[in-house]
Amino acid sequence: MIERPDPLWDPQQPGDETLAHLASLLGRYRHVPPPERVWSAGPPAVPRRRARRALLAAAVALAACLAGVAVWVPWRLHWEERRQWAVDADTGPASAALDVGTTLRTRAGESATVQVARIGRMEVLPGTRIRLLDTRGGHHRLELLEGRVRVRIWAPPGYFAIAAGTSETVDLGCEFEMSRNLQGEGTIHVTNGWIMHRVNGQETLVPAGSGLDFDATRSGIPLATMSSAAFRAAVRHLDLAMAEGGRPPGGEEAVVREATPADSFALLSLLTRYPALASGPVYSKLAALLDLPTDAQHREAWSRGSMHAMNLWWERIPRPPKAWWLNWRDAFPWTESANQKAAVSVTKRETP
């Protein structure tokens, strides 16, 4: 079917005499809008006064938000000395509290969630004992006697730390998991940010994606989650031998042979803890992984323990502490994911 132009719908088409006569009679009633009201595809004009008012309102709203943050953040970080920490459980008492000097114990099959003042949250897993040592604004300390905890902290570096015998794990604005047995041996795994592990004057940085083994007297070398079993074994063997004053034959070669780009931080930690290794293949391997030229003068300075020489390479690694304030969602409790909680027992001033 072919459609023909219809002058009834298309005024440009010629019509018969009757239609033309009716169009001329009705033409006087045609609506013709004034030029200033003709439709345009451009945006409508906004009066200057209205635009100024909108800009002023936006500035006031921004100032109010900044003022709110300026009040909210100090309030989150402030905490009265020796004030209790809240403990949430699914069964038992509707609410519980952890006092300074008090030990919290979870039995087999039980877990609990502890609110770390107003700066974070700690999940206490089954078969765990923790004791709150001290708490006040800017300084929150507890002891992991045995078991396992998961911690997420929103605070500047050093506000929170966990003691484990003679060692201390200092939060640098992060999320980590820590375990310890009755013999004082334990592990730490960092999933976000950094921690500092201290024991007997030795300080070890652990970045996100790495773990650390420790015991009552020392900490191991941080190892990436992606490190191979062969690399882990080689590093542990070399670390223990160097700590005892030896330099095992083939130990450095085994580490270098198994190292991958993911192991750069472990190699850097090894060289920093034992500067004498800079005279061997570990230095050359790390230089290749970091795409740095080998320099005899720099290598010799590192071997002597020069902090300046070490810092030149440390600067090639993302530097701690993490910008904790970027995790602003952690400051608001309603954004935190719910944790599974169960019954707990709290024992007053229990000794380890």
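Visitor: When is a crossing of two helices called left-handed?
Guide: The near helix is compared with the far one. If the near helix is turned anticlockwise from the far one by less than a right angle, the crossing is left-handed.

Visitor: In this predicted model, what is the handedness with which α7 passes α8?
Guide: Helix α7 spans residues 296-303 and helix α8 residues 307-314. Their axes come within 7 Å and cross at roughly 115°. The crossing of α7 past α8 is left-handed.

Visitor: How many nonpolar residues does the contact of α7 with α8 have?
Guide: From α7 come His298, Ala301 and Trp302, and from α8 come Ala309, Met310, Leu312 and Trp313. Sorted by class, the contact has no charged residues, 1 polar and, as nonpolar, 6.

Visitor: Which helix supplies the largest share of the largest nonpolar core?
Guide: This core has 39 residues, and those touching the most other members are Phe231, Val255, Leu270, Trp302 and Trp313. At least two residues each come from β12 (194-199), α3, α4, α5, α6, α7 and α8. The largest share is 6 residues, and its source is α5.

Visitor: Which elements are included in what covers the buried residues of α4?
Guide: Helix α4 covers residues 251-258, and its buried residues are Gly251, Glu252, Ala254, Val255 and Val256. Their cover includes α3 (229-243), α5 (264-273) and α6 (281-289).

Visitor: Which residues of α8 does Trp302 touch?
Guide: Leaving out residues up to four places away in sequence, Trp302 touches Leu268, Leu271, Thr272, Pro275, Ala278 and Tyr283, among others. Its contacts also include three residues that α8 brings to the contact with α7: Ala309, Met310 and Trp313.

Terms used
Residues numbered from 1 in each chain as written. Predicted model: local features only at pLDDT ≥ 70, side-chain atom pairs only at ≥ 80, totals over all residues. Heavy atoms only, no water. Buried < 20%, exposed > 50% of the residue type's maximum accessible area, 1.4 Å probe, protein only. Helix = DSSP H or I, 4+ residues; strand = E, 2+ residues; numbered from the N terminus. Contact = heavy atoms within 4.5 Å. Axes fitted to C-alpha atoms, helices over the stretch in contact; angles between N-to-C directions. Nonpolar A, V, L, I, M, F, W, Y, C, P; charged D, E, K, R; others polar. Core = buried A, V, L, I, M, F, W, Y, C linked by side-chain atoms within 4.5 Å.
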